[in-house]
Amino acid sequence: MLILRSLAFNLLFYVNLILHVIVAIPTYALPRRAFMAVAKSWGRTTNALMWVAGIRVEFRGLEKIPPGSLLVASKHQSVWETAALLPLFDDPAYVFKRELGWIPIFGWYAIKSRMIPVDRGARAGAVAGMIARAKEEVARGRQIVIFAEGTRTAPGAPPAYKRGAARLYAALGVPCVPIALNSGLYWPRRKFLRYPGTIVLEVLDPIPPWLAAEEFATRLEEAIETATSRLIGGG
């Protein structure tokens with residue numbers, strides 16, 4: 001049953017993705033908000049399909065999200081949160097690896113939606129470019145979404161937070177909303193199987209702007225890791 005449900009979900013997930021890619025084609029000629037509406041629909045329908053795999057989705061703390069420009073620093077355990085975060089914010093702009101922008105269709109959509117590429121190999125130049133682009137999007141009232149560890153990590157793995165979130169926080173002067181989750185328990189990275197249970201995404205208390213960089217980094221990691229450990233343990 002586990003294999004059959006996983007197979008059915010994976011099939012529907014990719015069919016749903018392809019349909020949204022096709023529906024989004026006309027948005028190239030429309031304002032960016034039109035494309036973002038399609039992207040948010042993909043996020044919502046992905047959540048709706050989770051029942052096929054026997055997975056429930058629970059969101060906690062959404063009332064803690066302040067209006068307007070934000071930095072959103074999320075734990076990253078699976079593909080799920082890439083889609084699930086989209087409908088939670090008014091106008092999100094993801095920070096993503098520049099190499100992903102070279103993928104046909106995906107890269108075009110990333111450009112259309114004004115996502116923020118970062119070239120990890122360029123070091124200082126990459127950070128400066130990321131910050132400059134993030135400032136442009138914050139000026140438009142957008143929410144900058146960054147996965148604080150830069151890549152997916154397995155549940156319970158030692159944390160490996162990158163400096164990107166702290167540098168954006170210091171440069172943007174907006175609140176930071178930390179996000180904890182347990183998605184990797186049910187949608188493991190690089191695995192075919194989807195395990196039944198309840199994915200919980202929890203929005204934590206916002207961190208006010210203009211803290212010292214080290215204080216922010218410590219506070220962010222402690223908040224996310226403490227909540228994530230609790231969620232993994234079933235709390």
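**A mixed sheet and its helices**

In this predicted model, Pro-92 has its bridge partner in β5, namely Gln-143. That pair belongs to the link between strand β3, residues 92–97, and strand β5, residues 143–147. The two strands run parallel and are joined by three bridges.

Zooming out, β3 and β5 sit within an open sheet of seven strands. Reading across, the order goes β1-β7-β6-β2-β5-β3-β4, and the pairing is mixed. At the edges stand β1 (55–60) and β4 (116–118); each has just a single partner strand, so one side of each is left without a neighbour in the sheet. From one strand to the next, the twist averages 20°.

Now for the helices that go with the sheet. Helix α6, made of residues 164–172, lies across four strands: β2 (70–74), β3, β5 and β6 (176–181). Its direction is at about 160° to β5. Helix α7 (residues 213–232) packs on the sheet too, where it touches β1, β2, β6 and β7 (197–203). The direction of α7 makes about 25° with that of β6.

Back at the start of the chain, helix α1 takes up residues 2–24, which is 23 residues. From its first C-alpha to its last, α1 reaches 33 Å, close to the 33 Å expected at 1.5 Å a residue. Which residues of α1 are buried? They are Ser-6, Phe-9, Asn-10, Phe-13, Asn-16, His-20 and Ala-24. As for what covers these buried residues of α1, the list includes α2 (32–49) and α4 (106–112).

Note on methods:
Residues numbered from 1 in each chain as written. Predicted model: local features only at pLDDT ≥ 70, side-chain atom pairs only at ≥ 80, totals over all residues. Heavy atoms only, no water. Pairing = 2+ DSSP bridges. Axes fitted to C-alpha atoms, helices over the stretch in contact; angles between N-to-C directions. Contact = heavy atoms within 4.5 Å. Expected span 1.5 Å × (residues − 1). Buried < 20%, exposed > 50% of the residue type's maximum accessible area, 1.4 Å probe, protein only.
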